[in-house]
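Hi everyone, thanks for letting me take this slot. I'd like to walk you through a structure, and please stop me if I go too fast.

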Amino acid sequence: MQIKYIDFFGKRWIFQGLSIILILISLISFTTKGINFGLEFTGGNQIQITSTNAVNIELIRDALDGSEIKAVVKNIGNDKSVVISTQKPLPEKLLQEIILLNKNTILDKSEYIGPQIGSELAQKGIVAVLVSVLCTMLYIAIRFEYRLAVSSAIALAHDPIIIMGIFSIFGISFDLTTLAALLAVVGYSLNDTIVVFDRARENFLKPKNEEMSPASIMNNSISQTLSRTLITSFLTFTAILVLYIFGGPSLQSFALCMLLGVIAGTYSSIMIAGNLAVQMGVQRSNFIRKSLSDKYADRP
Amino acid sequence: MKNRYKIWQNLLIIFTILIAIIYCVPNLFQDKPAIEFRANQKERVIQTLKDNDVKNYIVNKKDVTFTSTEDQLFALTLLQDKNISASLFLKNTTPSFLKNLNAYPMKLGLDLRGGVHLLLQADIDEVIKKDRANQEKNIIKVLRNKKVRAKKSNGKLIFSSEKARDVALYEMQTNIFAFKFSPSKKEECDKDGCKTSYIIDYLTRDEHIQNLKESITKQTILTLKKRVNELGVSEAVVQSYDGGKIAVDLPGLQDASRAKNIIGKTAALEFRIVSDEQSSMMYPYKNSKVGLQEDIILSGDSISNAQASIDDQLNHIVQVSLSSSVENRFNQVTKENVGNAMAVLMLESKKTNTGKTVKTSKVISVATIQSALGSNFSISGLNEDEAKDLSLLLRAGSMPTTVNIVEETVLGPSLGQENITKGINALILGIIIVSVFMAVYYKGFGMIANIAIVINLVCLLALLSIVGVTLTLSGIAAIVLTLGMAIDANVLIYERIKEELQINKNVQNGIFVGFNKAFATILDANVTTFIVGAVLLTLGSGPIQAFAVTLILGLITSMFTAVICTKALVNLFYGNSKEISLG
């Protein structure tokens, strides 16, 4: 098998245009539709009940209307499970009544999150994403080159923005596990980008590549790692797809976020990160200096 | 011989894997729901279970194990109806030789087992406010002792002379450590001439507030633990977080309302002297009101035990034992107040429907102090029910401050069971699919990668068990992610070897260089993911932290298996090959 060299840099405008459009759509959706934050972020009360047969939602709604508590009652997954969302926890008596409305019904889950906790979690989440991006940028700047750090950070930020955009457009609930998935996506996408950059550094330093343009070196590096990137992405995608289909409703939003993340991460590390670095003017001399100072640093 | 590990290297790998297997195996023996009872009640327990057609249980010397939580809970209600004292617990079924090696199964989180999770917020501001008021009283005492006059206004003391101020400053600095005192002077001039005032500013020291916060959190946790014990849940976890937040996890417990009633009782108790002065604060007592002095002579958290009982005259009383640390002070105060009435004040905070916290306080008991009281005394003037309630409240420990439930999750056992079954099935299916692909695509090398994945899973489970991580749903997700990364490492290595073989036909050289070059990439990729994991661990909370811990440990094991174990196996099978096939 011979490696095919593909001119990724030549098509950079197509990819970047596509990404900018997707990011713009996401940002517009954030401002107009907003994000459907889950209970953990907004605070409130949620009760999930499951019956062996189809649950009669109207009965539950009537009971809640009678008590003058504002509530949203919805099926989840199938007609046997129902989620009741309210601002405050339901009185114990009312809850028991509701459970008894339908035959063979049990309480699956009851969750109450105070409003203050929710906003704290959201803040912590945002801080965690920003700090992890900054820390990894610092590592790349030290280990590779600052242009690579900046371009990988842009490629990195690109993924969660688009994923959250999709969550926003389709109104999918964004909860704490989704946030964990988003961070995993950041890690995964970074992994892909590092593999490409690692190869780029190696190629930039090869004496026989001295005459080659940075764009061709980057193209070669992406092409050489392409088979690895695609195989890994395919395998990860498959494993998470299994999780999405068979993992049960509790893991579904996590798996969905990861699925989108694998696609976005693979795309951004192949089509965005390397090209950006070249556009920012990365060249052979940047790495030579780096590797020299590395050598000096090794000396006692 | 390029691709050969030395014998000791191979032995070390085998040794590590063996240890991992030992610590992984207990996870095959999951805890069983069980009920504990007193040994002398065994016959009654057996009879009760038999009479009610409970199925699938095993009776041991002091406990009975069940196959499902539903059976366990059903049996508990049966036993409690018969007045047999019994408590729920999870019985560890790990063989004893493994236990001797300290090898235990991983604990399962609430989302995998069901149970109750409560997050409580202790009102620390209230404590700080109260403490400041107390400390200010100390200032007044000190000034009075030294007969120094000062005007107090808003964190400031204003003196008329420099000498008076300096005397006060010295006294306060040596006696009151809660504040930082800083002297200054200020000149104010009007048409009558100039007047100098001498000022001391006092500010609560940060370390004092810090100590206060810590001790309040500690006390609250202690009280919570006592209360959790009353619930009879053996594996309860009480944990504190920043800002006076305390999480209580009660795995397996189903009755949330009972848990909330006992744990969430946010009442704080204070003993105060009844005051007849007009100016004193009035508190409701039965149908009237009673005035109390401001000083708290004893707070509920200093009580070590309390029992309802009857005295010689057949009056209902509560016998109280104090912890030794407060004994002297209490003795002193009660000596000064013989003949006066002492009241027990209960402070409670409740949330209204509009979400506002309303604080209520009421006097639950008033009794005359007969003599100076020591570490054991009794409270009289109660009826039977009052005595019972008061003793229970005192025994269960009262909170040092009011505590609110800010987060509450109740998860049924069936949903937990569903989560773990589906999660693990999906995990296994994912591994199978990936393994088939690897075997087809990379042939022999693919099989080596598959062996490495299995070793990785074993090592990761062992490490998680050793560290004592609680397995949650997000933890399972992290395991999936790290297995993905481990596979990625193998793919990186194999693709690199393939590339090297295109340049140089020497197989052994190709393998050697392939491993070496791929290693640099794998290391970089893992370090960056590690950074993300570490940030999540420090900044995240709850499920995110569980995810981060699993991810970090997974990175470590995947480095070991994907790089070292794979290399060892490649050496073993292909160390002498002149020709290999890599897809």
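I'll start with how the chains touch, then move on to the domains and some helix packing in chain B.

One thing before we look around: this is a predicted model.

Okay, so how many residues of chain A are in contact with chain B? It's 55 residues of chain A, and they meet 55 residues of chain B. On the chain A side, strand S4 (105–113) supplies at least two of the touching residues, and so does each of the helices H5 (115–143), H7 (176–205), H8 (214–246) and H9 (249–279). And what is that side made of? Sorted by class, there are 30 nonpolar residues, 16 polar ones and nine charged ones.

Let's stay with S4(A) for a moment. It pairs with strand S22 of chain B, residues 403–411, and the two run in the antiparallel sense over five bridges. If you want a spot to click on, find A:Ser110, which stands opposite B:Val410 in S22(B).

Now over to chain B and its domains. There are domain 1 (7–26 + 413–574), domain 2 (32–91), domain 3 (128–205) and domain 4 (267–394). Notice that domain 1 is written as two stretches of the chain. Between the C-alpha centres of domain 1 and domain 4 of chain B you have 61 Å.

Next, helix packing. When two helices pack, people describe them by the angle between their axes and the distance between those axes.

Take helix H1 (residues 7–24) and helix H13 (residues 444–467), both in chain B: their axes come within 8 Å and cross at roughly 60°. That's why we call H1(B) and H13(B) oblique to each other. Their crossing is left-handed. Among the residues making this contact are B:Ile17 and B:Ile21 from H1(B), with B:Val458 and B:Leu461 from H13(B). By class, the contact has 11 nonpolar residues, one polar and no charged.

Here's the other pair. Helix H14 (residues 473–503) and helix H15 (residues 507–539) of chain B pack at about 145°, and their axes are 8 Å apart. The crossing of H14(B) and H15(B) is right-handed. Contact residues include B:Leu492, B:Arg496 and B:Glu500 of H14(B), plus B:Phe515, B:Lys517 and B:Ile522 of H15(B). This contact of H14(B) with H15(B) has 12 nonpolar, four polar and three charged residues.

That's my tour, so over to you for questions.

Key. Residues are numbered from 1 along each chain as its sequence is written. Chains are lettered from A and ligands numbered from 1 in the order in which they are written. This is a predicted model: local features need pLDDT of at least 70, side-chain atom pairs count only at pLDDT 80 or more; totals for chains, interfaces and linings use all residues. Two residues are in contact if their C-beta atoms, placed from the backbone, lie within 7 Å. Helices (H or I, at least four residues) and strands (E, at least two) are DSSP runs, numbered from the N terminus. Ala, Val, Leu, Ile, Met, Phe, Trp, Tyr, Cys and Pro count as nonpolar, Asp, Glu, Lys and Arg as charged, and the others, Gly among them, as polar. Two strands pair if DSSP finds at least two bridges between them. Axes are lines fitted to C-alpha atoms, for helices over the stretch in contact, and angles run from 0 to 180 degrees between N-to-C directions. Angles under 35 degrees count as roughly parallel, over 145 as roughly antiparallel, 65 to 115 as roughly perpendicular and the rest as oblique. A crossing is left-handed if the near helix is turned anticlockwise from the far one by less than a right angle, and right-handed if clockwise. Domain bounds come from an automatic or database domain assignment.
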